[in-house]
Amino acid sequence: MDHQPKFFENLSGTGKAIGVLTSGGDAQGMNAAVRAVVRMGIYVKAKVYFVYEGYQGMVDGGDNIVEVSWESVSSILQVGGTVIGSARCKSFRTREGRLQAAYNLVQRGITNLCVIGGDGSLTGANLFREEWSGLLEELAQKGKIDEEAVKKYAYLNIVGMVGSIDNDFCGTDMTIGTDSALHRIIEVVDAIMTTAQSHQRTFVLEVMGRHCGYLALVSALACGADWVFIPEYPPEEGWEDSMCVKLSENRARKKRLNIIIVAEGAIDCHNKPITSEKVKDLVVQQLGFDTRVTILGHVQRGGTPSAFDRILASRMGVEAVLALLEATPATPACVVSLSGNQAVRLPLMECVQMTQEVQKAMDEGRFVEAVRLRGRSFENNLNTYKLLSHKKPDAELPKTNFNVAVLNVGAPAAGMNAAVRAAVRVGITEGHKMFAVIDGFEGFARGKIKEISWGDVGGWTGQGGSILGTKRTLPAKYLEKIADQMRTNNINALMVIGGFEAYESCLQLQEARSRFEEFCVPICVLPATISNNVPGTDFSIGADTALNAIVETCDRIKQSASGTKRRVFIIETMGGYCGYLANMGALAAGADAAYIFEEQFDIRELQANVEHLTEKMKTSIQRGLVLRNENCNENYTTDFIYQLYSEEGKGVFDCRKNVLGHMQQGGAPSPFDRNFGTKISAKAMQWISKKLKETYRKGKVFANTDDSVCLLGMRRRNLVFQPVAELKTETDFVHRIPKEQWWLKLRPLMKILAKYKTSYDVSDSGQLEHVAMHSPKEAETGAI
């Protein structure tokens, strides 16, 4: 980064008052956003007010608008829904209602609003902002406020955050609540699969999404559903027969269950609704299959927010306060949102207009346009689903005569199996013969390699661990034997799915090319490790599942500590030398401190943390949570920190410790990991096909350039293929971590939300961007 860091210390909120409200349908993670706005607001010395019951509370005033303190938002991070309430409000739609709301805000000096809601709520906020000066004039004429107040409170600044489980807002990749809703859906699908399997049943699942098919589409992708109905992409004429043919083909292939997912707003190409009952009746009449309908309903809005939603909402909340502090009368109302892994600010009305364009396109039957307007993430999901769900008849498949092998290397990570499934199915669609290697490079050397078919990987997306088996062994000591196996099985390309070992293995294979021509083939690495320590990518497959396991446990521990009072827990997380899990776990669980290897600490810092907790025990929040990465310091071990805290906290708090261990590696993959694994694997397979065509000369594949051994990673906003040789300079091989890690920038966020004074580099935020319309081409190259 060549920019000069810009720190928010120069931004003061003194004299400013911020109101925060949640409006429209509730979504998990809204509380995390409210908490971040309140704490960041207080941190920059602004006054912060809760507006209870959304716009209704703003119109009613009185006790509905209250100034809040740091402790007001304690213990709400892990609670679903919204603790400040949300209500549909008719009166705010009238000018009289808005006049009353303006009066109530001016009485308290609030001229900054942070609105967390869907597009309706945000449109209302923008109208309010445009009318603001007129409303104040009118209040002055009626003698309700004086001219002084009109001048002093002349402008209203608005920043929106989108809280909506449907993910139906254009301009943002993920809205707050979407990931948690997917967690609920996938939990149900996984549970239904076992009973469906027992009875050979077909299940029709109806999920939310009146105008947007995101939840249906991503859950279909994440569980490998047989068919999905979404409003943006209605099935073609005659879909009834095609669907029934597909279901019976799957049964003929010994598949004991069928899953069909229907978005509640699903329509056919004549804009007629397709209901779950209609689908069920069709299957029963045409095929006679035992078919059941499950309507998930409000379960999807409920439950505790996922780790992703908590981190997303916390990041957005802090960003929203920064945007309000920097706003001028000329700044348009903006929305803080996420593009790839980057926080961005977008003009609110541009996003709203784009969102309305989608609906218009659907109403007018321009469905291809509707999908494109939804954004590249949605388009990618749809293309990947189409690629993986329908197997073409063998006669229609191209024949390339290339053999591609897939293997897992390193420790198991949830989502690896989803990646293998996608690789196998895309490979077969592209016309290759796919081979599975059992037990990593060790198995490869022993000849444990077999052809794998489309049906062999059915039902793999929801399985944790590694079905192919995985070993940490690097290929260096077996090079000759592996080369023999590559020759014997005529392997023309390799896909290696794994952690730091997978990356190192491919470096070794590349270095061995001069001695073994067999390794002169396209090789692609997919990062899959809970530690998230692979260079060249912001995220690895499996890290999200591990993070959720940590956060779930921390929630339980916090609850136990709240009961006993005055108790501090020291929790040890995995991750090798990489502090990702400890740091992000701390942010998502609302911890007081996180010790990591990347940020050296000494006895003085430990002492300061103990004192900080001692102060905290004097407030109403009488519990503490401290996370420690397993290798953060060889002398300050978990036992040492536990003993230090126990001694220093005598008489003030007592201490307990907990080592989380291998539970972080297990469990069913989270929706994010299933989806991420599936999509990057499909993309990697397409890259392999392209490289095979490019390097095929005189009857054989010969690839010996650096760019034929790549790692596919997510970098900020895009998926990029990077030659592993070029990543060497970015790697600390001793500690097995990248030299620069994006998440370290979020470290101050955790400290601010835990009430520490710190400096926070805000150079990356602050620029208002425009909503980009992407070209169809970009959907192939770009985002997740």
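## Surroundings of S681

In this predicted model, S681 touches A419, A422, A423, M495 and L526, when residues up to four places away in sequence are not counted. S681 itself belongs to helix α22, which covers residues 671-695. The relative accessible area of S681 is 0%, and because buried means under 20%, this residue counts as buried.

## V150 and its contacts

V150 is part of helix α5, made up of residues 147-152. Leaving aside residues up to four places away in sequence, V150 is in contact with L136, E137, A140 and I145. Its relative accessibility comes to 10%, so V150 is buried. Between V150 and L139 there are 8.8 Å in space, taken from C-alpha to C-alpha, while the two are 11 residues apart in sequence.

## Helix α7, an enclosed element

How many of the 10 residues of helix α7 are buried? The count for this helix, residues 214-223, is 10 of 10, so α7 is largely enclosed by the rest of the structure. The buried residues of the helix are Y214, L215, A216, L217, V218, S219, A220, L221, A222 and C223. Just after α7 comes G224, which takes a positive phi of about 65°.

## Salt bridges between separate parts of the chain

The model has 38 salt bridges in total. One of them joins R98 and E131, with the closest N and O atoms 2.7 Å apart. This pair links distant parts of the chain, since R98 sits in helix α3 and E131 in helix α4 (residues 119-141), with their positions 33 residues apart in sequence. Both partners are buried: R98 has a relative accessibility of 7%, and E131 has a relative accessibility of 15%.

Another salt bridge is formed by the side chains of R201 and D290, at 2.9 Å from N to O. R201 is in the loop between α6 (178-199) and β6 (202-207), and D290 is in the loop between α9 (276-287) and β9 (291-295), so this pair ties together parts that lie 89 residues apart in sequence. Are the two partners buried or partly exposed? R201, at 14% relative accessibility, counts as buried, whereas D290, with a relative accessible area of 31%, is partly exposed.

## A further pair and a network

The side chains of R366 and E364 also meet in a salt bridge, with 3.0 Å from N to O. Here both residues are partly exposed, R366 at 32% relative accessibility and E364 at 48%. Elsewhere, salt bridges that share partners join R95, R98, E131, E138 and K142 into one network. The R98 and E131 pair described above is thus seen again among the members of this network.

## A patch of positive charge

On the surface, R88, K90, R93 and R210 gather in a patch of positive charge. Where in the chain is K90 found? K90 is placed in the loop between β3 (65-67) and α3 (95-107). The relative accessible area of K90 is 75%, and because exposed means over 50%, K90 counts as exposed.

## Positive phi values outside glycine

Most residues other than glycine have a negative phi. Against that background, two residues can be described together. For N490, phi is near 50°, which is a positive value in a residue other than glycine. N490 is located in the loop between α16 (479-488) and β16 (493-498), and with 42% relative accessibility N490 is partly exposed.

R736 likewise has a positive phi, of about 55°, although R736 is not a glycine. The residue is found in the loop between β26 (731-732) and β27 (737-738). The relative accessible area of R736 is 28%, and because partly exposed covers the range between the limits of under 20% for buried and over 50% for exposed, R736 falls in the partly exposed class.

Key: Residues numbered from 1 in each chain as written. Predicted model: local features only at pLDDT ≥ 70, side-chain atom pairs only at ≥ 80, totals over all residues. Heavy atoms only, no water. Patch = residues over 30% accessible without salt bridge, like charges linked within 9 Å, V, L, I, M, F, W, Y side chains within 5 Å. Areas by Shrake-Rupley, 256 points an atom, 1.4 Å probe, with all protein chains shown as cover. Salt bridge = Lys/Arg side-chain N within 4 Å of Asp/Glu carboxyl O. Lys, Arg positive; Asp, Glu negative; His and termini not counted. Charge placed at Lys NZ, Arg CZ, Asp CG, Glu CD. Helix = DSSP H or I, 4+ residues; strand = E, 2+ residues; numbered from the N terminus. Buried < 20%, exposed > 50% of the residue type's maximum accessible area, 1.4 Å probe, protein only. Contact = heavy atoms within 4.5 Å.
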